[in-house]
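Thanks for coming, everyone. Let me put the structure up, and then we'll walk through it piece by piece.

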Amino acid sequence: MDFDLSNPPEGFHENPYETYRWLREAAPMCRQPDRSYVVSRYDDLDMIYRDHQRFISDKKAVFGPKFGEKSPLFEHHTTSLVFNDPPLHTRVRKVMVGAMNPRALAKMEPGLITLVDGLLDEMANQHEVELIEAFAGAIPIEVIGNLLNIPREKRGPLRDWSLDILGALEPSLTKEALDCGNQAVTDFKVFLRDIINDRAVYPGDPDTDVLTRLMQTEGEALTETELYQNCIFILNAGHETTTNLIGNALALLHADTSARGCLLENPELTATAVDEFLRMESPNQFGNRLTTEEITLHGVTIPAGTDLHLCIGAANRDPNRFENPDILDVGRRPNKHLAFAGGAHTCVGLTLARMEGRIAVGRFLQRYPNYTLTDEAERGGRMRFRGYARLPAQLT
């Protein structure tokens, strides 16, 4: 068996886990046609995430040929937090961490509960509802929109732009997807221009307004490009992954009625369950690093400048790390999954994402404990981001 990221086997998008098992057991360093490698074992990913000298996040050398060095997508993905190393990564991360401190998140929780309950109320008179549009996707767009204080009436196009920009990170990219991604970055920047100009004249509260914090960064200020692109990054990263977390959780609980019953009887386990949903169906299935020197893993020697695809979805089901890894255990402890990556690039919004997942899934279950998914559920069809495009459900 071979595995090519750009040409996955039939049925991979529906169930990649048999392929992941083969990778871990037979090809933990799986060479790709472009001389990159897929890395799939937990201990290897954990080591790579922690070693910031030999494995870097800067992807200019990879994204130049993929997007074109003059393209909007190249500007975005080489300027945003996730594909950068210090000093830019340090400056931007410090701002975001400060805005998501425990006190700030505690202040957000009542509003998040009100938002979730309002969405659940809107479903009450509907026999069938599409859970991604009506629920899972509606929550993070409001939360992140509030963090940047974007007027609610202007948030309509944000989800589609996010899908197009993140879709350009797929291993295999069509011309249509490339064009849509570039246009989305361009449109997003135009959208942000008036908001940023207004915030420069009328700053918000830096304790709650991340955009104001980014504009008032202590020390070296962000350039205009850095400011725009990291605003786009925050909106995209906080939206797509949390949408997938909530949608995947509801699908997992529908398939495992014993786990659903356990949470209904023990709602205090919901916080623990959220981490298990993240492990079982990681919203982000792949990360990337670039080697800075020659390294050898599992007897395979690769040169400096090699692109590594870190298969989070495989690592999070590694039996050498997790007992019975293919079983959903809502009380699993410990659960040091890699859904939030690791090291210096550990997801800055992990506490917020966990809070969104806990409140959304917990309150949905209490309100609609007998929901059933229809046969029309539709996966997003992506390799890097695992979630649902559509998740129709009957609530009674």
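One definition before we start: a residue counts as buried when its relative accessible area is under 20%, and as exposed when that area is over 50%. Also keep in mind that this is a predicted model.

Now apply that cut-off. Take Ile 232, which sits in helix 12. Its relative accessibility is 0%, so Ile 232 counts as buried. What is Ile 232 in contact with, leaving aside its neighbours within four places in sequence? The list is His 76, Ile 165, Val 185, Phe 188, Lys 189 and Leu 192. For a sense of scale, look along the chain from Ile 232 to Leu 253. Those two are 21 residues apart in sequence, and their C-alpha atoms are separated by 32 Å.

One of those contacts, Ile 165, takes us to helix 9. Helix 9 covers residues 158-167, and seven of its 10 residues are buried. The buried ones are Leu 158, Trp 161, Ser 162, Leu 163, Ile 165, Leu 166 and Gly 167. Where do they pack? Against helix 4, helix 8, helix 10 and helix 12.

Next, the nonpolar cores. The largest one has 91 residues. Which residues have the most contacts inside it? Phe 135, Phe 277 and Phe 364. Helix 12, residues 224-255, gives this core its largest share, 14 residues. Apart from it lies another core, of 18 residues. Val 39, Leu 45, Tyr 49 and Phe 322 are among its members.

Back to Phe 135. Not counting residues up to four places away in sequence, Phe 135 touches Val 116, Leu 119, Leu 120, Met 123, Ile 246, Leu 250, Ala 360 and Phe 364.

Several of those names come back in a helix pair. Helix 6, residues 102-123, packs against helix 16, residues 350-367. The angle is about 35°, and the axes are 10 Å apart. The crossing is right-handed. From helix 6, the contact includes Leu 105, Met 108, Leu 112, Val 116, Leu 120 and Met 123. From helix 16, it includes Leu 352, Met 355, Ile 359, Ala 360 and Phe 364. Charged side chains are there too, among them Glu 109 and Asp 117 of helix 6, and Arg 358 and Arg 363 of helix 16. By class, that contact has 12 nonpolar, one polar and seven charged residues.

On to the strands. Strand 5, residues 286-291, is mostly covered: six of its six residues are buried. In a regular strand, side chains alternate between the two faces of the sheet. Here, Phe 286, Asn 288 and Leu 290 point one way, while Gly 287, Arg 289 and Thr 291 point the other way. All of them are buried. Strand 5 has an antiparallel pairing with strand 3, residues 55-56, over two bridges. There, Phe 55 stands opposite Thr 291. Five bridges join strand 5 to strand 8, residues 307-311, again antiparallel. In strand 8, Asp 307 is the bridge partner of Leu 290.

Now an open sheet. Three strands form it, in the order 4-12-9, with antiparallel pairing. Why do strand 4 and strand 9 each have one side without a neighbour in the sheet? They stand at the edges, each with a single partner strand, so one side is left free of a neighbour. Strand 4 pairs with strand 12, residues 392-394, over three bridges. Glu 128 has Gln 394 of strand 12 as its bridge partner.

Last, the backbone geometry to check. There is a cis peptide bond between Pro 86 and Pro 87, with omega about 15°. Pro 87 lies in the loop between helix 4 and helix 5. A cis peptide bond also joins Arg 333 and Pro 334, with omega about -5°. Pro 334 is in the loop between helix 15 and helix 16. That loop also holds Ala 341. Ala 341 has a positive phi of about 65°, although it is not a glycine.

Arg 35 also has a positive phi, near 75°. It is found in the loop between strand 1 and strand 2. Buried or exposed, then, for Arg 35? The relative accessible area is 61%, so Arg 35 is exposed.

That's my tour. Over to you.

How values were computed. Residues numbered from 1 in each chain as written. Predicted model: local features only at pLDDT ≥ 70, side-chain atom pairs only at ≥ 80, totals over all residues. Heavy atoms only, no water. Axes fitted to C-alpha atoms, helices over the stretch in contact; angles between N-to-C directions. Helix = DSSP H or I, 4+ residues; strand = E, 2+ residues; numbered from the N terminus. Left-handed = near helix turned anticlockwise from the far one by under 90°. Contact = heavy atoms within 4.5 Å. Nonpolar A, V, L, I, M, F, W, Y, C, P; charged D, E, K, R; others polar. Core = buried A, V, L, I, M, F, W, Y, C linked by side-chain atoms within 4.5 Å. Buried < 20%, exposed > 50% of the residue type's maximum accessible area, 1.4 Å probe, protein only. Pairing = 2+ DSSP bridges.
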